[in-house]
Amino acid sequence: MRIHQYDNAQQVGQAAAILIGAQLLTKPDAVLGLATGSTPIPTYQELIRLYQAGVLDFSKVTTFNLDEYCQLPPQHPCSYRHFMRQELFSQLNLPAENQHIPDGNAADLSAECAAYDQAILSAGGIDLQLLGIGRNGHIGFNEPSDQFVYGCHVVHLTQSTIEDNRRFFKREEDMPRLAVSLGVGSIMNAKSVLLLATGKDKAEAVRKAILEDIDPSTQASILRTHPNVIFLLDKAAASLL
Ligand code: GLP
C-alpha cells in the first residue's frame, strides 16, 4: 500500500491522471474501472486535457463504472450515466460501445448484476480501478455492513449516503434508496487500485480505512490487503493519519 499526500484536490487529480495515463501508455486497450462523485472530477478534467493535447488516446480503452442508482431514467441529470457523459465520455474518443455502466432500471436486477460481472471477466478484468470513498467508508455503493459482498449486487443505501448525495437532487424524496454496485470482490480483483480522497469530510473514513481493523463496517479497509493499491489524499483528507 502506498499513500501519497498533496496540498490540494487539484494535485490529487493530476497524480491520478498521471497514473491512469501511464496505464494507457503501457496498455492502450486497458480496462478502467471508473467512479462518480465530486472527487474524481479534477482527474477527469486532467484526462480530457491530456486527450485534447494529443498525449492520451482512448480509442481502444474499455471502461466499467462502479455503480448506478436504481429507478432513475438514464437521462436524469443525477444518474451516473448522465454524470459520466457530461464529465468525461463526451469529451474523449472513447467508443460508446466500450463504456459500461450497470443498468439500474433492468427488469431483473440480479440478472443485470450477474451479466455485469461476466462482462468484466470477458473483457479480461479491470486493469486499474479508480475509487472515491464515502464519508461512511463505502467504496462504490458497498455500504457499511457485517460482511463484504463479492459480486455486483443491489444495495439499500444507508441514511448517511442518502444525506450526502441528496444535495444533487431537488428534493430528498427524489433520491433513490436503491442502487446497483460492483462488489468488493470485483474491486479487489482489479490489477491495481487508486483511491482518491479529498476534503476534511473524508478524514475520518480515511483514518478508519488505513489505521483501524480491516472490517466491513469500513468497506474501504479491505483495500489494504490489495497487492497494488495507492491512496492519493489531499492534506485535509490525510489530517487524521
Ligand atoms: C457516491 C459514489 C461513490 C463515491 C462517493 C463519494 O456515493 N457511489 O463511488 O466515492 O459518492 O462521493 P464524493 O466524491 O462526491 O464525495
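A pocket, in the sense used here, is an open set of grid points with protein on both sides within 12 Å along at least five of seven lines, and its lining residues have an atom within 4 Å of a point. The exercises below apply this to a predicted model.

**Exercise 1. Describe the largest pocket: state its volume, how many residues line it, and which of them lie nearest its centre.**

Solution. Begin with the volume, which is about 650 Å³ for the largest pocket. Next, turn to the lining, which is made up of 36 residues, and of these Thr 36, Gly 37, Ser 38, Asn 165 and Arg 167 lie nearest the centre of the pocket. Then sort the lining by class, which gives 13 nonpolar, 16 polar and 7 charged residues.

**Exercise 2. Find which helix gives the most to the lining of the largest pocket.**

Solution. First collect the elements that each supply at least two residues of this lining, namely β4 (67–69), α3 (80–87) and α5 (159–165). Of the elements in the structure, α3 gives the most, with 5 residues.

**Exercise 3. Locate the ligand and work out which side chains make polar contacts with it.**

Solution. Start with the location: the space taken by the ligand is the largest pocket. Around the ligand there are 14 residues, and those that come nearest are Ser 38, Thr 39, Asp 67, His 138 and Lys 202. By class, this shell has 3 nonpolar, 8 polar and 3 charged residues.

Now apply the cut-off, by which a pair of N or O atoms must lie within 3.5 Å to be a polar contact. In the side chain of Asp 67, an N or O atom is 2.7 Å from a nitrogen atom of the ligand. The side chain of His 138 has a polar atom that lies 3.0 Å from an oxygen atom of the ligand, while for Lys 202 an N or O atom of the side chain is 2.5 Å from a ligand oxygen atom. As a last step, consider the cover: on its own the ligand has 390 Å² of accessible area, and the protein covers 94% of this.

**Exercise 4. Describe the largest cavity by its volume and its lining.**

Solution. The structure holds 1 cavity of 30 Å³ or more, and the volume of the largest cavity is about 50 Å³. Its lining includes Leu 32, Phe 58, Thr 63 and Phe 89, and by class it has 9 nonpolar, 1 polar and no charged residues.

Technical notes:
Residues numbered from 1 in each chain as written. Predicted model: local features only at pLDDT ≥ 70, side-chain atom pairs only at ≥ 80, totals over all residues. Heavy atoms only, no water. Near = heavy atom within 4 Å. Polar contact = N/O pair within 3.5 Å; in protein donor to acceptor, adjacent residues only side chain to side chain. Areas by Shrake-Rupley, 256 points an atom, 1.4 Å probe, with all protein chains shown as cover. 1 Å grid on protein atoms, 1.4 Å probe; cavity = no way out; pocket = protein on both sides within 12 Å on 5 of 7 lines; lining within 4 Å. Sits in = over half its atoms within 2 Å of the grid points. Nonpolar A, V, L, I, M, F, W, Y, C, P; charged D, E, K, R; others polar. Points joined across faces, edges and corners; volume = space filled by probe spheres on them. Helix = DSSP H or I, 4+ residues; strand = E, 2+ residues; numbered from the N terminus.
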